[in-house]
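Open the model in your viewer and keep the selection tool at hand. The tour below goes from stop to stop, saying what to select and what is there.

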Amino acid sequence: MSELFFQPISELAARLDTKELSAVELTQAVLARTKAVEPQVGAFNSFDEADALGQAAASDTRRAAGQSLGALDGIPVGLKDVIAVKDQPLTASSKMLANFISPYDATVTTRLKAAGAVLHGRLNCDEFAMGSSTENSAFQPTRNPWDITRVPGGSSGGSSAALAAGEAIATLGSDTGGSIRQPAALCGVVGLKPTYGLISRYGLIAYASSLDQIGPFTRTVEDAAIVLGAIAGHDERDSTSFKAAIPNYRAELDTRRGPWKLGIPKEYFGEGLDPEIGAAVEQAIAFYKNQGCEIREVSLPHTQYCLDAYYIVATAEASSNLARYDGIRYGHRSKHAKDVVDGYFQSRAEGFGAEVKRRIILGTYVLSSGYYDAYYLRAQKVRTLIRQDFINAYKDVDALITPTSPIPAFKLGEKSDPLTMYLCDIYTIGVNLAGLPAISVPCGFTKGQLPIGLQLIGQPFQEANLLAIAQSYERGHAWSAKHPNLS
Amino acid sequence: MSAPSDLNIDRVAKLARIALTPEEKAIFSQQLGSVLHHIEQLGQVDVTGVEPSAHAFAVDNVWQEDVARPGLTVEQALRNAPAQRDNMIVVPKVVE
């Protein structure tokens, strides 16, 4: 049996229930691991040992009294530093919020607490979730546990790296253009981006509100079902939250066994795809075929426009969302301002990093008088066409299979040009524009022992199906049994 | 579509309320020029008769009963203010 900190929730919960293991012992093991590997990985902006142990002790007290709150009771879960936890730092990995302490809980935080999870630490990310490598953090770059000279992906790179390194049992991230799935692929863990509206965004620092969605990173698909079940569901504090009946995702896994009709979008296998990743995904497709699934080639003809539509829509929304950081009510305030208006200019100049400034500038430009129709309005129309592509494809298939990332984990500093970095997201962005659920599951390693991710894209609010399809692949493979070798 | 050279960095930075250094202006102009050049290809898409999508799904306005509920205390609300005095946020002088 592997170390405690590498085990999935499902197994740990069973051991906690039999009292063979206590939540305090488990949390101590995760904290000890965190302290041992953090100097190499750098996944956390901060963590509060006393607070985590206090939560774990409370969990043990509940269990001793026969009042366990379920599978997550006593499980250490790390949160990306864009998700609010009352009285804990909330920085978005930005100097702008370096000293901000959250006065309230995000809805996902409230729900994890209600499920008894031990909330452990503030996980690093690209500043304001803008990036694909976590190098845009104002505090430190996070390193990939499989090769610490490489990035963990982004923007939720702290969430994927911490999980891969055994510094948490599950984590949450947020996904606006691939920020859960791409780091999950690069770090060899499961990452789920749910349907837009399934999970409340209340208490999530906004980047691009029509695209942002919170989701879990876990070791197994079953664990993703457990965490999703705890955090999904309608919330009156998010006007875009969907009133859907939430199934018991974990129980549903056993009732859905296929075979499924799976679509292969030909546009996702073209130029720029690393041949080793292409081969691993082809093998996964062959696996499904052997399981009796019907495999069909489908076309998503507007795929080549996804990146452009995304960088207009997302930056436009970001320029509006980030207008609130003016140095007046909270956040960084410049000490070098001539007057109140100059204070806005100086506070934002000092508080934001280069990528955030670039995206605000681009978003401001595409919304500005004279350019709105040519850029923003046109991008919104192309978004309609991109969504229609998926709707058309789903007339014939249950889900789509693609690579998650065109390339495996790259070296720190390798992609200094913004456009080159943006191309990391070509297979994940369309899903956000169309509001769909998608999951990345480990599907092998390159010759250089870097993880490869398989992306499965589902139909809106059909997470139960998507998870079952992903689990049928996982059951036939043992990729998650392998762990990075951090000394 | 407009040409990428249309990006007047001074004008846009002013609209965005960000003071940029001359070095930032030069590098952002060049980098965003490449991004805008890539974006030009959206001009090839025939969008005649296509409705714009602000969200992936139709989003309706949501109304709630106007009922007072517990919120943040003054102390909690001011906890992150850069400067405060007498339960108020201190700001630079606005009117001379």
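Begin with the two domains of chain A in this predicted model: their C-alpha centres lie 27 Å apart. To colour them, select 4–263 together with 400–481 for domain 1, and 304–381 for domain 2, as the domain assignment of chain A gives them. Where they meet, domain 1 of chain A brings 25 residues to the contact and domain 2 of chain A brings 22 residues. Now select α14 and α15 (429–434) of chain A, each of which supplies at least two residues of the side of domain 1 that touches domain 2. α15(A) has the largest share of that side, with 3 residues. By class, this side of domain 1 of chain A holds 15 nonpolar, 8 polar and 2 charged residues.

Next, show chain A as a whole. Its secondary structure comes to 16 helices and 11 strands. The radius of gyration of chain A is 21 Å, close to the 23 Å that the globule rule gives for 487 residues, so chain A is as compact as a globular protein of that length. Along the principal axes, the C-alpha atoms of chain A fill a box of roughly 65 × 55 × 45 Å. Of the 487 residues of chain A, 62% count as buried. Among contacts in chain A with a separation of 6 or more, 76% are between residues 24 or more positions apart.

Hide the helices of chain A and look at the strands. In which order do the strands of the open sheet of chain A lie? Reading across, the order is β1-β3-β2-β4-β6-β5-β10-β11-β9-β7-β8, and the pairing is mixed. Select β1 (44–46) and β8 (294–298) of chain A: they stand at the edges with a single partner strand each, so one side of each is left without a neighbour in the sheet. From one strand to the next, the twist averages 35 degrees.

Stay at the β8 edge and add β7 (residues 261–265) of chain A. β7(A) and β8(A) pair in the parallel sense over 5 bridges. Within this pair, L262(A) stands opposite I295(A) of β8(A). Now bring back helix α9 (residues 275–290) of chain A, which packs on the sheet. This helix touches β7, β8, β9 (399–403), β10 (438–445) and β11 (451–457) of chain A, and its direction makes about 150 degrees with that of β9(A).

From β9(A), move on to S405(A), which lies in the loop between β9 and α14 (418–422) of chain A. Is S405(A) buried or exposed? S405(A) has 29 other C-beta atoms within 10 Å, and a residue counts as buried at 20 or more, so S405(A) is buried. Leaving aside neighbours within four places in sequence, S405(A) is in contact with Q182(A), A185(A), L186(A), C424(A), Y427(A) and G453(A). Select I452(A) as well: S405(A) and I452(A) are 47 residues apart in sequence, while their C-alpha atoms are 8.1 Å apart in space.

The next stops concern the backbone of chain A. Select G154(A) and S155(A), which are joined by a cis peptide bond with omega about 10 degrees. S155(A) is in the loop between β3 (118–123) and α5 (157–164) of chain A. Another cis peptide bond joins G258(A) and P259(A), with omega about 0 degrees. P259(A) is in the loop between α8 (249–253) and β7 of chain A. Then go to A92(A), in the loop between β2 (76–80) and α4 (107–114) of chain A. A92(A) is not a glycine, yet its phi is positive, about 55 degrees. A92(A) counts as buried, with 30 C-beta neighbours inside 10 Å.

Finally, show chain B. Its secondary structure comes to 3 helices and 2 strands, running α-α-α-β-β from the N terminus on. The radius of gyration of chain B is 23 Å, whereas a compact globule of 96 residues would have one near 12 Å. Of the 96 residues of chain B, 16% count as buried.

Add chain A again to see the contact, which takes 44 residues from chain B and 54 residues from chain A. On the side of chain B that touches chain A, α1 (9–15), α2 (22–39) and α3 (74–78) of chain B each supply at least two residues. α2(B) gives the most, with 7 residues. That side of chain B has 31 nonpolar, 10 polar and 3 charged residues.

The last selection is D86(B), in the loop between β1 (84–85) and β2 (88–89) of chain B. D86(B) has a positive phi, near 50 degrees, and is a residue other than glycine. With 5 C-beta neighbours inside 10 Å, D86(B) counts as exposed.

Technical notes
Residues are numbered from 1 along each chain as its sequence is written. Chains are lettered from A and ligands numbered from 1 in the order in which they are written. This is a predicted model: local features need pLDDT of at least 70, side-chain atom pairs count only at pLDDT 80 or more; totals for chains, interfaces and linings use all residues. Helices (H or I, at least four residues) and strands (E, at least two) are DSSP runs, numbered from the N terminus. The radius of gyration is taken over C-alpha atoms; the globule rule is 2.2 Å times the number of residues to the power 0.38. A residue is buried if 20 or more other C-beta atoms lie within 10 Å of its own, exposed if 12 or fewer, and partly exposed in between; C-beta atoms are placed from the backbone. Two residues are in contact if their C-beta atoms, placed from the backbone, lie within 7 Å. Ala, Val, Leu, Ile, Met, Phe, Trp, Tyr, Cys and Pro count as nonpolar, Asp, Glu, Lys and Arg as charged, and the others, Gly among them, as polar. Two strands pair if DSSP finds at least two bridges between them. Axes are lines fitted to C-alpha atoms, for helices over the stretch in contact, and angles run from 0 to 180 degrees between N-to-C directions. Domain bounds come from an automatic or database domain assignment.
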